[in-house]
Amino acid sequence: MLNRIILMLALLLSYATARAYDFQAIADRHVLPTYRSLAERTAELDLAARAYCARPSDLALAHLQAGYRGAFLAWQGAQHLRFGPVQYLSREYRFELWPDERGAVGRHLGQLLDDPALLQADFDIGQKSVAVQGFSAMERLLFAGTPPDTTACRLVVAIAANLRDMADGIVGDWSTGDTPYIRYFADPAPGNPLFANKAELAGRLLNSLHTELELIITQKLARPLDKGLEKARGKRAEGWRSQTGLPAIAANLGACHALYRQAFAPELADASPHPQIEAAFAQARSTLEKLHMPLADAVSDPDQRALVEQLQAELSALKQLLARDLAAALGLSLGFNSLDGD
Amino acid sequence: MAIDRRAFIRLGLGGLLLGPAMAMAGTGAGRQRLLGCRSDDRGGHFLSMVDVDGGRLMDVALPGRGHGVAVDPMQRRAAVFARRPGTFVWIVDLASGQVSHRIAAVSGRHFYGHGQFTPDGTRLLCSENAYASGEGVIGVYDAGNSYRRTDELPSHGVGPHEIRLLADGNTLVIANGGIRTHPDLPRVKSNLAGMRPNLAYVDVASGRLLQRHEPEEQWHQLSIRHIDVSPDDRVAVAMQFEGRPELFPPLIAIQHGKQPMRLLSAPDAVQRRLRNYCGSVTFDAEGLRFAVSSPRGGVVTFWSAGGDYLGLYEQADACGIGRTAADGYGFVVSDGNGGVAGIDRVLAVSDHRVFAGYRWDNHLLALSDLQGR
């Protein structure tokens, strides 16, 4: 009898603490390390850009290209966090403009390279088109076939410094100053102007995961796949010039999985749908590992294309598990994006 | 009625169940007609006219999402403006519902979503973006000559949005939102760090700047987007804050004559509910009070022309506000769920009607008012 009472008490206690959501820990162990890594990789890119442009060589270019890939993949590992300081000052668009359906990056980059202002001492990339401020423009400059010349170097150095400054800015806005974002993130409660309760913030995190999966399925994979093998559009793949399309998706999924484990897995405590979600992440990763061509080529190869389509289907199933089963199990609302206004 | 006015307002729509529901029926002088852009559930976009009794009077299918609407002084024609960055402005004959003219943005310009007819109805003024330089401009279109674009005035700022003429018919008040956009990047705000919004008074005949008011430096990210002008030329301003979300700057302002712009805040608890976003602003017919919608917070706040906070009213996703003196109303408010609520002259909700399938957009015009003045 006593045992049963103790068991019941334990159950009650576990229920009471089940929706604990340690947002401080989520920030300390997931969000901040993600942005610190972005800050470190963009700082390395900044150094490599200045080194190459001061003394161009094949070796320095290889180092710069590697620095680009490292920083770009660090950004991909942060892309799933769609709230807070990354959205200040349109930073998320300035890091990367993709998809770029209207060809803004190429056009605005071409205009800027012809603009005498680029060579002036007071050139400020922050005042230029969002399309030329980040990775999307830099990739074209570094992987164009011809190494960046003096003019292009002006821009490469400016973009690298801009990326580093934005990453530092995000870390700073999260953790320092009079009103660090972490203060609001760590303590969602009545009176908190950003998050009135834990469920609201947890819903926001779930929305972020969902949005990232949606982006992979409907843009990153669907755009190059298009409607069939004959119609495949490899150059629509994100990062096709630097061959970072699939590594980017791997970084996205790794980050989503890590956030899931930090934020939601403890709430489920191994109960359904935790095993299904873990299996779905593992399955997607295994499919991704079987892809041995760049995404831009894989969509035109019959065997590899089938795997890309399989990955797309597996991620749709994972998205459903999060949006339906996880949301229901934890009593969360995915929330909706209120009509964008004017 | 012995109910405290402000308490009644706070009851919001819930008050309807308790309060006496006044019928929205017309008074014989013609039912109040409303004009606004809306979307349906299947991705269609329209300029629609309805009446407050639920009558669906007109639907004009648009090639994209519409935003602001202006009517000429005789209320025979409406101009409907594409949502920014827009490429079309259509002129609709209100009697027949036919589109009489389709104005396309000229090369290098796009529309910003608002405009005004001059009081004699001969010209249409449109807020536009010269997007290569980022300078705001006002396009002038000749209504007597197939809406040919005859002139262009500087807006004296970046990102002009809503514009209104003063009673003299020649002084244009321009809400220069300060946000730079480019049609290649349709919804990206590209200069949030360096934005300098302003309220500009411009002489339409010469394009000369008469006055310019800016929020103080600390609030340079307050985008001045929507304005209305009272019969005695008071300007009410509704703003959107693009800065850090944990700050709650004043979002509403009043400006009159040559006096400086005065920023207004609601009481703290109310101010937070505005979610740093105001969608539209409208004076009542007498110019004694104005209403400001905050659709993200689902509230409409009321203010005296002198800048006093009067109260609030709750309606989810409510954004459009029309002014009317008809049928005992002060304002009519529309929302994204098809709802249209009449707010009576003591600022209480008189009636609420849902037009099923109508997702009203940001702005609403009540036709018997003098919005074209």
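In the predicted model, the buried residues of helix α5 of chain A are covered by elements that include α6 and α7 (150-175) of the same chain. Helix α5 of chain A spans residues 104-113, and its buried positions are Ala104(A), Val105(A), His108(A), Leu109(A) and Leu112(A). Viewed down the axis of α5(A), these buried residues fall within an arc of 115° and therefore line one face of the helix.

At the level of the whole chain, chain A is divided into two parts, with domain 1 covering residues 21-186 and domain 2 covering residues 198-330. The C-alpha centres of domain 1 and domain 2 of chain A are 24 Å apart. Contact between these domains of chain A involves 22 residues of domain 1 and 27 residues of domain 2. On the side of domain 1 of chain A that touches domain 2 of chain A, at least two residues each are supplied by α2 (23-54), α3 (58-76) and α6 (135-142) of chain A. The residues on this side of domain 1 of chain A comprise eleven nonpolar, six polar and five charged. Helix α6 of chain A thus appears in two settings, as part of what covers the buried residues of α5(A) and as a contributor to the side of domain 1 of chain A that touches domain 2 of chain A.

Chain A is also in contact with chain B, through 21 residues of chain A and 26 residues of chain B. On the side of chain A that touches chain B, ten residues are nonpolar, seven are polar and four are charged.

Key: Residues are numbered from 1 along each chain as its sequence is written. Chains are lettered from A and ligands numbered from 1 in the order in which they are written. This is a predicted model: local features need pLDDT of at least 70, side-chain atom pairs count only at pLDDT 80 or more; totals for chains, interfaces and linings use all residues. Domain bounds come from an automatic or database domain assignment. Two residues are in contact if their C-beta atoms, placed from the backbone, lie within 7 Å. Helices (H or I, at least four residues) and strands (E, at least two) are DSSP runs, numbered from the N terminus. Ala, Val, Leu, Ile, Met, Phe, Trp, Tyr, Cys and Pro count as nonpolar, Asp, Glu, Lys and Arg as charged, and the others, Gly among them, as polar. A residue is buried if 20 or more other C-beta atoms lie within 10 Å of its own, exposed if 12 or fewer, and partly exposed in between; C-beta atoms are placed from the backbone. The arc is that of the directions from the helix axis to the C-beta atoms.
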